[in-house]
Amino acid sequence: MENLKDKVAVITGASSGIGKATAIELAKEGCKVILISRTKQKLLDAFNEIKTFTEDVTAVVCDVRNYDSVEKAVLAIIKKYNQIDILINSAGIAIRRSFKNTSLDEAKDMIDTNLFGTINCIKTVIPNMIKNNTGAIVNIGSIAGLIALPDLSIYSASKFAIVGLSQALYYELKKYNIQISVINPSATNTNIFSNESWQNDKDNTKLMEPEFVAMEIIKAIKKKKFSVVLPFSARLKASGKNIFPGIYDWYLSKRR
Ligand SMILES: NC(=O)c1ccc[n+]([C@@H]2O[C@H](COP(=O)([O-])OP(=O)(O)OC[C@H]3O[C@@H](n4cnc5c(N)ncnc54)[C@H](OP(=O)(O)O)[C@@H]3O)[C@@H](O)[C@H]2O)c1
């Protein structure tokens, strides 16, 4: 999708981090942007910020875990704009705990938000994209969806699932002219780490800024790229893991 001007773009997780930065970039490209997330005040703050880039911005409070409320939101958007051209699935949560100490409620919440949230949004949006024979869907995966990381077992599972879902849909939806991209960032400077489970994290990894990830998302849409791993060094790590699995086994075991 080369020209994004006047495209209707729905962004989940748009009140913060990568979702908000992407909504801003899409607004700068001339898109009509619809922001989705759960917390009204955070969403309103993002709405006011994005209003400085475009007149055409709408905010919808919606929990992506709930299929009925996603369907209601999407039908209202289609009623207003007649079409949805771009869907960015950025709503997500991450709890960093050993598998042993992760409660079933926490596990369910991560799978429901990161995986079913994405499934719910794609399910409700594609009938309109198929009808219009056009669309771009960007799923935010993670480097943890390519390299399983200790203390992130359920999060990794949710993101491996996102990569698998994206791969299958890439082939399945091609005939309807719907392009699928999966963006797999490494650690990015967002509120995702404000969850209490990250407080004792001693990892000194250099963080990317969400604005950088957002620019790469825009490039992926324009150039119809299927898979993007960020930054470049993470791409090398992800490929290296497949070529030299023994080294990764040693490295990750040593980190424990
Ligand atoms: N930051 C990183 O290091 C990193 C790395 C790789 C991948 N990612 C992925 O990037 C995506 C965006 O994360 P981020 O880092 O930008 O985190 P963030 O700053 O915490 O943003 C998460 C967004 O998702 C929304 N959200 C959470 N649960 C939701 C739900 N059930 N329904 C609707 N909206 C929901 C949040 O708003 P409300 O809480 O108000 O709903 C917020 O707008 C996630 O999928 C994450 O897994 C992040």
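A residue counts as near the ligand here if its C-beta atom, placed from the backbone, lies within 6 Å of it. All the views below come from a predicted model.

**View 1. The shell of residues around the ligand**. Let's start at the ligand, which has 31 residues around it. G13, G17, R38, T39 and G92 come nearest. Two or more residues of this shell are given by each of the helices α1 (17–28) and α4 (104–132). By character, the shell around the ligand divides into 17 polar, 10 nonpolar and 4 charged residues.

**View 2. Helix α3 packed with helix α4**. Here α3, made of residues 67–81, packs with α4 at an angle of about 30°, and their axes are 9 Å apart. Angles under 35 degrees count as roughly parallel, so α3 is described as roughly parallel to α4. The crossing of α3 past α4 is right-handed. To find the contact, look for Y67, V70, E71, V74 and I78 on α3, together with N120, C121, T124, V125 and N128 on α4. This contact is made up of 6 nonpolar residues, 3 polar and 1 charged.

**View 3. The surroundings of I162 in helix α5**. Now turn to α5, residues 153–172, where I162 lies. Is I162 buried or exposed? I162 is buried, because 24 other C-beta atoms lie within 10 Å and 20 or more are enough to count as buried. Leaving aside neighbours within four places in sequence, I162 is in contact with N114, L115, T118, N139, G141, G145 and V182. I162 and I119 are 43 residues apart in sequence, yet their C-alpha atoms are 9.1 Å apart in space.

Key
Residues are numbered from 1 along each chain as its sequence is written. This is a predicted model: local features need pLDDT of at least 70, side-chain atom pairs count only at pLDDT 80 or more; totals for chains, interfaces and linings use all residues. Helices (H or I, at least four residues) and strands (E, at least two) are DSSP runs, numbered from the N terminus. Ala, Val, Leu, Ile, Met, Phe, Trp, Tyr, Cys and Pro count as nonpolar, Asp, Glu, Lys and Arg as charged, and the others, Gly among them, as polar. Axes are lines fitted to C-alpha atoms, for helices over the stretch in contact, and angles run from 0 to 180 degrees between N-to-C directions. Angles under 35 degrees count as roughly parallel, over 145 as roughly antiparallel, 65 to 115 as roughly perpendicular and the rest as oblique. A crossing is left-handed if the near helix is turned anticlockwise from the far one by less than a right angle, and right-handed if clockwise. Two residues are in contact if their C-beta atoms, placed from the backbone, lie within 7 Å. A residue is buried if 20 or more other C-beta atoms lie within 10 Å of its own, exposed if 12 or fewer, and partly exposed in between; C-beta atoms are placed from the backbone.
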